[in-house]
2 protein chains.
Amino acid sequence: MNRILKSEQDQYEKREWTRIINCLSGFKSANLVATRDQNGVSNLSMISSCFHLGASPPLMGFIQRPHSNKSPRHTLMNIKDSGFYSINHITEDFYKRAHQSSARYPMETSEFDLCGLTEEYKEEFGAPFVAESPLQIGLELKEVLDIQQNNTHLVIGEVQVIYVEERAYRKDGFLDLEAIGSLCCSGLDSYHKTQRLARLSYAKPNEEVKELSLDGE
Amino acid sequence: MNRILKSEQDQYEKREWTRIINCLSGFKSANLVATRDQNGVSNLSMISSCFHLGASPPLMGFIQRPHSNKSPRHTLMNIKDSGFYSINHITEDFYKRAHQSSARYPMETSEFDLCGLTEEYKEEFGAPFVAESPLQIGLELKEVLDIQQNNTHLVIGEVQVIYVEERAYRKDGFLDLEAIGSLCCSGLDSYHKTQRLARLSYAKPNEEVKELSLDGE
């Protein structure tokens, strides 16, 4: 095995080091976070750090890089101003357009237009959804935790509404993300489809886990 | 599309609701967190919430469910006591054994033994690694942030050392997780292999993203 030491970070070119570290956590969720500012201009941001925080209440988190006047984070500004945002799964059909949204566009332009994606407003929810996405989640901001270690921000929101393609839904509540083509990503720029090995039974001491059907049986 | 409303949560059976919400963030990293207590007893915990927090310094986070005397989180206790832990990628060869580690075993037993995985100590690092894993990361605890919204805990650690199989390493620092067989998971119990679509170029305004080689060229 190769060994890479933090104490030898100086021996790596800065971008090489960044690529290595960005790969460490493993495969990541690939989502577009959509918001709207006070002037009605929408914003899209590719986010690979969305994670589950709890089911009751239904909470999700994601990490936003440091916000400053020099490097303003439009997504974070809009979420704080409006209190709402949406998280939208990415599929093979539009992952290149989604990746394009990470370019540094000016605040007064909408990444929806610039990247060729369609904004969709539903039932007066306070943020746009990505029409192309098969799983769209509307969230209300609960808290922004500033992480002192490196000035990043943990954005915590409560799920208000979920729109999901019918064929994802399995009998026991499991959502088959593979059936709707959700992708994952790794590092800064690699996108991947998935292939299921199995669903596994709830683990108990002294009982071997077994494979379940897609419906959890 | 199906619409699922938070305001209608009561209409869902509790476990069904939990399964739905656990699927929302998309595909998740599949890692084993390994620790050791003051008596030298090791502990293994399946964690699907590891995420990248920053490259310089190299920080990673993961979410630990609420700790209480009734529901003690051995992993969190060990990390706080020892200050060290490891994060280890899971592959097809041992994902069932990894899933088994999530059963509620007593504190004085080691999930390594009970699940048939091999603990490995290297160069006096303060936590065990999972010998079967092709990517092992040794971290030092930096901070535990308690999340008031639902009493979960965000564990933040700094990467001290990385052991990675040679064949993962690409010329520009990208680690090819697919080459070493790292898995991802979805929901509470579904495990997946991946299949790369492409690496994409760094996104810039007025320039279409293009596919890169595995070496980033």
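**A walk through a two-chain model**

Let's start in the middle of this predicted model: its largest nonpolar core has 62 residues, and those touching the most other members are A:Leu24, A:Leu135, A:Ile162, B:Leu24, B:Leu135 and B:Ile162. If you're wondering why such a core turns up, nonpolar side chains tend to be buried together in soluble globular proteins.

Pick one of those residues, B:Leu135, and look around. Leaving aside residues up to four places away in sequence, B:Leu135 touches B:Ile87, B:Asn88, B:His89, B:Ile162, B:Tyr163, B:Val164, B:Leu175, B:Leu177 and B:Ile180, plus A:Leu24 from the other chain.

That brings us to where the chains meet. How much area do chain A and chain B bury between them? It comes to about 9300 Å², with 61% of it on carbon and sulfur atoms. Chain A puts 102 residues into the contact, and chain B puts in 102 residues.

Charges get involved here too: the interface holds 10 salt bridges. For one you can find yourself, look at A:Glu158 and B:Lys6, whose closest N and O atoms are 3.6 Å apart. There are also 52 residue pairs in polar contact between the two chains. On chain A's side, strand β13 (residues 190-200) gives the most, with 11 residues. Sorted by class, that side has 47 nonpolar, 29 polar and 26 charged residues.

Finally, try helix α1 of chain B, residues 14-23, where B:Glu16, B:Trp17, B:Ile20, B:Ile21, B:Asn22 and B:Cys23 are buried. What covers them? The cover includes β1 and β2 of chain B, along with β5, β6, β7 and β11 of chain A.

Notes. Residues are numbered from 1 along each chain as its sequence is written. Chains are lettered from A and ligands numbered from 1 in the order in which they are written. This is a predicted model: local features need pLDDT of at least 70, side-chain atom pairs count only at pLDDT 80 or more; totals for chains, interfaces and linings use all residues. Side-chain values use heavy atoms; hydrogens and water are left out. A nonpolar core is a set of buried Ala, Val, Leu, Ile, Met, Phe, Trp, Tyr and Cys residues joined through side-chain atoms within 4.5 Å. Buried means under 20% relative accessible area, exposed over 50%, partly exposed in between (1.4 Å probe, protein chains only). Contact means heavy atoms within 4.5 Å. Buried area is the accessible area (1.4 Å probe) that two parts lose on being put together, summed over both. A salt bridge is a side-chain nitrogen of Lys or Arg within 4 Å of a carboxyl oxygen of Asp or Glu. A polar contact is a pair of N or O atoms within 3.5 Å; within protein, one must be able to donate a hydrogen and the other to accept it, and residues adjacent in sequence count only if both atoms are side-chain atoms. Helices (H or I, at least four residues) and strands (E, at least two) are DSSP runs, numbered from the N terminus. Ala, Val, Leu, Ile, Met, Phe, Trp, Tyr, Cys and Pro count as nonpolar, Asp, Glu, Lys and Arg as charged, and the others, Gly among them, as polar.
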